Amino acid sequence: MGKINLKAKLISDEENLNIEISGIKTKNKIVYKENDITVTVLIFNNKIEMNRTCNEYKINLIFENKKETLSKYNVFGMPKEFLLQTKTKKLEITNTCINIDYNLEGNNFAYQLILEERI
């Protein structure tokens, strides 16, 4: 496990979030805190799985280039899990950057994660 510096950007119709933060990276996993949300990004050959967890909810997003997937959304205290349709429009994965353009239940998002030098 190694500590790294990260730049994360999430753009949607409703918000723009830009953060620079420290995180932890292993071979195929990146973990960082975005305010009170723990973000875990699992990297596979042509697929990204992102978990966003806080004390109110947990969402599991799955991205595969130009494919539709079902993501799971759990609101803590609610009796059922919600399934959300996710359509990945673009997925780019390199050693230093992840770019994802996607549509989640009719809303457009762009996510970028840039990995910088080790701390």
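Select Y73 first: in this predicted model, Y73 is partly exposed, with a relative accessible area of 25%. Add F82, which is likewise classed as partly exposed, at 28%. The two rings form a tilted aromatic pair, 6.4 Å centre to centre and with 40° between the planes. The pair counts as tilted because its angle lies neither under 30 degrees, the limit for stacked, nor over 60, the limit for edge-to-face. Next, extend the selection to Y57, which forms one aromatic cluster with Y73 and F82.

Proceed to Y102 and F109, another of the four aromatic pairs in the structure. Here the rings are stacked, with centres 5.1 Å apart and planes at 10°. Y102 has a relative accessible area of 4% and is buried. F109 has a value of 18%, and is therefore also buried, the cut-off being under 20%.

Keep F109 selected and display the largest pocket, since F109 is among the lining residues closest to its centre. The others in that group are L10, E15, R52 and L104. The pocket encloses about 490 Å³ of space, and 21 residues line it. By class, the lining comprises twelve nonpolar, six charged and three polar residues.

Now colour the strands β1 (2–12), β5 (47–53), β6 (57–64), β9 (97–104) and β10 (107–118): each contributes at least two residues to the lining of this pocket. The largest share, four residues, comes from β10.

Finally, select K47 and F44. The charged end of K47 sits over the ring of F44, 5.7 Å from the ring centre.

Methods. Residues are numbered from 1 along each chain as its sequence is written. This is a predicted model: local features need pLDDT of at least 70, side-chain atom pairs count only at pLDDT 80 or more; totals for chains, interfaces and linings use all residues. Side-chain values use heavy atoms; hydrogens and water are left out. On a 1 Å grid over the protein atoms alone, a cavity is a set of points where a 1.4 Å probe fits but cannot get out, and a pocket is an open set with protein on both sides within 12 Å along at least five of seven lines; lining residues have an atom within 4 Å of a point. Grid points are joined across faces, edges and corners, and a volume is the space filled by probe spheres set on the points. Ala, Val, Leu, Ile, Met, Phe, Trp, Tyr, Cys and Pro count as nonpolar, Asp, Glu, Lys and Arg as charged, and the others, Gly among them, as polar. Rings of Phe, Tyr and Trp (its six-membered ring) pair if their centres lie within 6.5 Å; planes under 30 degrees apart count as stacked, over 60 as edge-to-face and the rest as tilted. Buried means under 20% relative accessible area, exposed over 50%, partly exposed in between (1.4 Å probe, protein chains only). A charge sits over a ring if NZ of Lys or CZ of Arg is within 6 Å of the ring centre and within 35 degrees of the ring normal.
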